[in-house]
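Reader: I would like a close look at a single part of this model, described with care and with the strand pairing spelled out.

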Amino acid sequence: MGSGEIDVLESGLLLLQDSRTEEDEDDEQRVVLYSASFAEMEEIYVKYQTIQWVLYSLLLVLAWGIGLFMLIYIPIRRYILRAEFRSRMLYITPDSIVYKVVKPVAFPCFGALKKEKHILLPSIADIVIEQGYLQSYFGVYSIRIENEGVRRSSSDDVHIHGVANPREFRKVVLTHLANLKRESVSSQVSRNEDWGGMTSHRSWSRTANTPSGDLILQKLEEVGSSVKVENIQFVICTLCLFGCI
C-alpha cells in the first residue's frame, strides 16, 4: 500500500472526528495557570509511533505472519494516533494538574475511550522527563508525574508522551507547588499569632472583669499587711531608743 493511499484513508477517517466538544467549552471557563502544547509534535509523534509499529510488524511477519495484518492496519493506526494526540489536554489549575484524552478504540466505528485525570498539586513529588533511544532519534519526550508519600511502582505514576515543552511544564509545576507550600506555612504562622493574641486578650479580659467585691478584699489585705509592717517597724524603733538610753 503506497503512502499516498495511506494519507487518503487517514484524511477520510479524520473527517469523521468532531474537534469541538462541550467538555472543551467547559475547560475554557476554568482558571488555567498554564497549558501544555502538543500541536508542534503531532507529525513527529505519529511518525515515531508508525516506525515503531512497522518494526513490530516486521518481527511478527518473520515469526508467525501476524505482522502482515498489522501492516494492513497502518492507516487505521495512524488515524487513531492523530485523533488521540489532537484530543490531548494538559493544563495546570490553582490546585491540580488536569490531563484529558479521548482515544478511539481499535475499530473507531465502535466509539472512543475518554480518560480524565486530576492530580492534586500537594500530592506531587516530582515531574520526571524521560526519553528512550528511539524517542531521542525523533526528539520525542515523555513526562512522568511521581506521587508523594509511600513509594509505589512506576506504573502507578501518570505517563504523558509527546509534550512539546516538557522542561517548561516541569518548571511551572514545581514553581507553583513551592508557592503553595510557602503560602501554607505563612497562613499557619498567622493562625498561630492570631491564636496567641486571642489568648492574651482573654486573660486580660478575665483580669479586667474581676468583681468589685474581690478587688475590695484584695485592697484590704494589702492595707492590713502594710499596717502590720508599720507596727513591727514602730516596735523595733522603740527598742532601739530604750537601748540607747
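Which residue in β6 is the bridge partner of Ile 124?

Author: In this predicted model, the bridge partner of Ile 124 is Asn 147, which lies in β6. That pair belongs to the contact between β5 and strand β6, residues 142-147, where six bridges join two strands that run antiparallel. The wider setting is an open sheet of three strands in the order β5-β6-β7, again with antiparallel pairing. Its edge strands are β5, covering residues 124-130, and β7, covering residues 158-161, and each of these pairs on one side only. On average, and with direction ignored, neighbouring strands of this sheet are turned by 15 degrees against each other.

Strand pairing is also found earlier in the chain, where strand β1 (residues 34-35) is joined by two bridges to strand β2 (residues 89-92), the two running antiparallel, and where Tyr 34 stands opposite Ile 92 of β2. Strand β2 is in turn joined by four bridges to strand β3 (residues 96-104), also in an antiparallel manner, with Tyr 91 standing opposite Val 98 in β3. The link from β2 to β3 is a hairpin, which passes through three residues.

Turning from strands to the surface, Val 61, Leu 68, Phe 69 and Ile 72 make a nonpolar patch of about 410 Å². Helix α4, residues 67-72, gives the most to this patch, with three residues, while Val 61 has its place in helix α3, residues 42-63. With a relative accessible area of 34%, Val 61 is partly exposed, and it therefore passes the patch cut-off of over 30%.

Key. Residues are numbered from 1 along each chain as its sequence is written. This is a predicted model: local features need pLDDT of at least 70, side-chain atom pairs count only at pLDDT 80 or more; totals for chains, interfaces and linings use all residues. Side-chain values use heavy atoms; hydrogens and water are left out. Two strands pair if DSSP finds at least two bridges between them. Axes are lines fitted to C-alpha atoms, for helices over the stretch in contact, and angles run from 0 to 180 degrees between N-to-C directions. Patches are made of residues with over 30% relative accessible area and no salt bridge: like charges are joined within 9 Å, nonpolar side chains (Val, Leu, Ile, Met, Phe, Trp, Tyr) within 5 Å. Accessible areas come from the Shrake-Rupley method with a 1.4 Å probe; for residues, only the protein chains shown count as cover. A salt bridge is a side-chain nitrogen of Lys or Arg within 4 Å of a carboxyl oxygen of Asp or Glu. Buried means under 20% relative accessible area, exposed over 50%, partly exposed in between (1.4 Å probe, protein chains only).
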